[in-house]
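User: Please take me through the structure shown here by way of short questions and answers.

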Amino acid sequence: SRSSSGMLRTQEEVDALLKNNPNYTIYGTKPAPGMIYYEDVRGQKNTTPNADGTYSYAEPDGKIDDNDRVFLTNKKDNHYGFGINLGSSFKNLSVTMAIGGSFGGQGIVESTAKGWNTSAHVSAITNLPQYLTDHWTPENTGAKYPAPYYRSVNQLDSDFWFRSSFQMAVRTLNIAYELPEGLAKKLHMRGAKLYLVSTNPLNLYKAFEYKQYAGSFDVYPVIRSFSMGLNLSL
C-alpha cells in the first residue's frame with residue numbers, strides 16, 4: 001500500500017505541492033484538484049544488491065510509483081472470530097439467537113467500490129456505492145471522497161481507503177410463541193405454536209457503509225431470510 005498525504009482540494013494546494021516538488025507525478029500523472037496524493041518515500045531501486053543480499057533505494061525523487069509502496073499493516077484481514085449464543089424465555093415466548101463476528105485485521109475498500117468505470121457511452125457507467133455521491137467537484141471541494149475523473153490515481157491501495165475490519169452480526173434468530181393451553185382448547189386444538197426463523201437478520205456493526213456484510217461490492221450479497229410458520233396439534 002501507499003501512505004496517502006490527503007486529498008488535493010484546490011489549485012492553491014496543488015501549486016504549493018509543485019513548488020516544493022516541481023517534478024511530482026503519480027504514476028506519470030501531474031497532480032490536480034480532486035486527487036489523492038501520496039508520500040514520496042524513496043527513489044529508484046538500485047539494481048546491484050548490498051553485501052547482505054538486500055537492495056537499497058535512491059533518495060526520494062518526487063515521482064510516486066511502485067518504489068513508494070510500503071507495509072502499512074501487518075494483518076490484511078481479520079484473524080480471529082467469535083460466537084455468542086443467547087437464549088431466553090418468558091411464559092409462552094422463547095427467543096434464541098447466535099451472534100458471530102471477527103476482528104484482528106485491517107479492512108480496505110475494494111477497488112470496484114472506489115470509483116467509476118466509464119466508457120464513451122453514459123449508459124455504460126457501472127453501478128457504484130451511494131457513498132461516492134459525496135465526491136469532489138469544483139463546487140464541493142470539502143467532499144469526503146476524491147473526484148471520479150481521476151480513478152486511476154485515486155483507486156490505488158492506500159491508507160486513505162482503510163476501514164475498521166471488526167464485524168459483528170446476528171447470524172440466526174428464532175422466536176417461538178406457544179398459545180396458552182386454555183386458548184388452544186377453545187380453538188379445539190391440543191396445542192398451537194407460532195414461530196419465526198431468520199438468517200442474517202441484523203448487522204450490529206459494519207465498517208463499510210455500502211454493504212451489509214463481508215464480500216465485495218460487485219458480487220451477489222449475503223442472503224438475509226425470514227420464515228414464519230404455524231405448528232398445530234389437533
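Analyst: Helices (H or I, at least four residues) and strands (E, at least two residues) are taken as DSSP runs and numbered from the N terminus. The model is predicted, so local features need pLDDT of at least 70 and side-chain atom pairs count only at pLDDT 80 or more, whereas totals for chains, interfaces and linings use all residues. Residues are numbered from 1 along each chain as its sequence is written, and side-chain values use heavy atoms, with hydrogens and water left out.

User: Y27 has a positive phi although it is not a glycine; in which loop is Y27 found?

Analyst: The phi of Y27 is about 50°. Y27 is partly exposed because its relative accessible area of 37% falls in the middle class (buried is under 20%, exposed over 50%, partly exposed in between, with a 1.4 Å probe and protein chains only). Its place in the chain is the loop between strand 2 and strand 3.

User: Which residue lies in the turn of the hairpin formed by strand 5 and strand 6?

Analyst: Strand 5 covers residues 80-90 and strand 6 residues 93-103, and two residues stand between them in the hairpin. The residue sought has a positive phi of about 55° although it is not a glycine. With a relative accessibility of 76%, it counts as exposed. This residue in the turn is K91.

User: How many bridges join strand 5 to strand 6?

Analyst: Two strands pair if DSSP finds at least two bridges between them. Strand 5 and strand 6 run antiparallel, and N85 stands opposite A98 in strand 6. The number of bridges that join the two strands is eleven.

User: Which residue of strand 9 is the bridge partner of S94?

Analyst: Strand 6 also runs antiparallel to strand 9, and ten bridges join the two. Along this pairing, S102 stands opposite Q167 of strand 9. For S94, the bridge partner in strand 9 is A176.

User: In what order do the five strands of the open sheet follow one another?

Analyst: The pairing throughout this open sheet is antiparallel. Strand 5 and strand 11 (225-233) are its edge strands, since each pairs on one side only. The order of the five strands is 5-6-9-10-11.

User: How far apart in sequence are the parts that F82 and F103 tie together?

Analyst: Rings of Phe, Tyr and Trp (its six-membered ring) pair if their centres lie within 6.5 Å; planes under 30 degrees apart count as stacked, over 60 as edge-to-face and the rest as tilted. The structure holds ten aromatic pairs, one of which is the tilted pair of F82 and F103, at 6.2 Å centre to centre and 45° between the planes. F82 lies in strand 5 and F103 in strand 6, so the parts tied together are 21 residues apart.

User: Are F82 and F103 buried, partly exposed or exposed?

Analyst: F82 has a relative accessibility of 26% and is therefore placed in the middle class. For F103, the value is 37%. Each of the two residues accordingly counts as partly exposed.

User: Which residue forms a stacked aromatic pair with Y145?

Analyst: The two rings lie 6.0 Å apart, centre to centre, with 10° between the planes. Y145 is in the loop between strand 7 and helix 2 (151-154) and its partner in the loop between helix 2 and strand 8, so the pair ties together parts 16 residues apart in sequence. Y145 is buried, as is the partner, and the aromatic cluster that contains them also includes Y131, F160, F208 and Y210. The partner of Y145 is W161.

User: What is the distance in space between G34 and Y145?

Analyst: G34 lies in the loop between strand 2 (25-26) and strand 3 (36-38). It counts as buried because its relative accessibility is 0%. Although G34 and Y145 are 111 residues apart in sequence, their C-alpha to C-alpha distance is 8.4 Å.

User: Which strand gives the most residues to the lining of the largest pocket?

Analyst: A pocket is an open set of points on a 1 Å grid over the protein atoms alone where a 1.4 Å probe fits, with protein on both sides within 12 Å along at least five of seven lines; lining residues have an atom within 4 Å of a point. The largest pocket has 33 lining residues, of which K76, D77, Q106, G107 and I108 are the closest to its centre. Strand 7 (106-108), strand 8 (162-164), strand 9 (167-178) and strand 10 (191-205) each supply at least two lining residues. With four residues, the strand that gives the most is strand 9.
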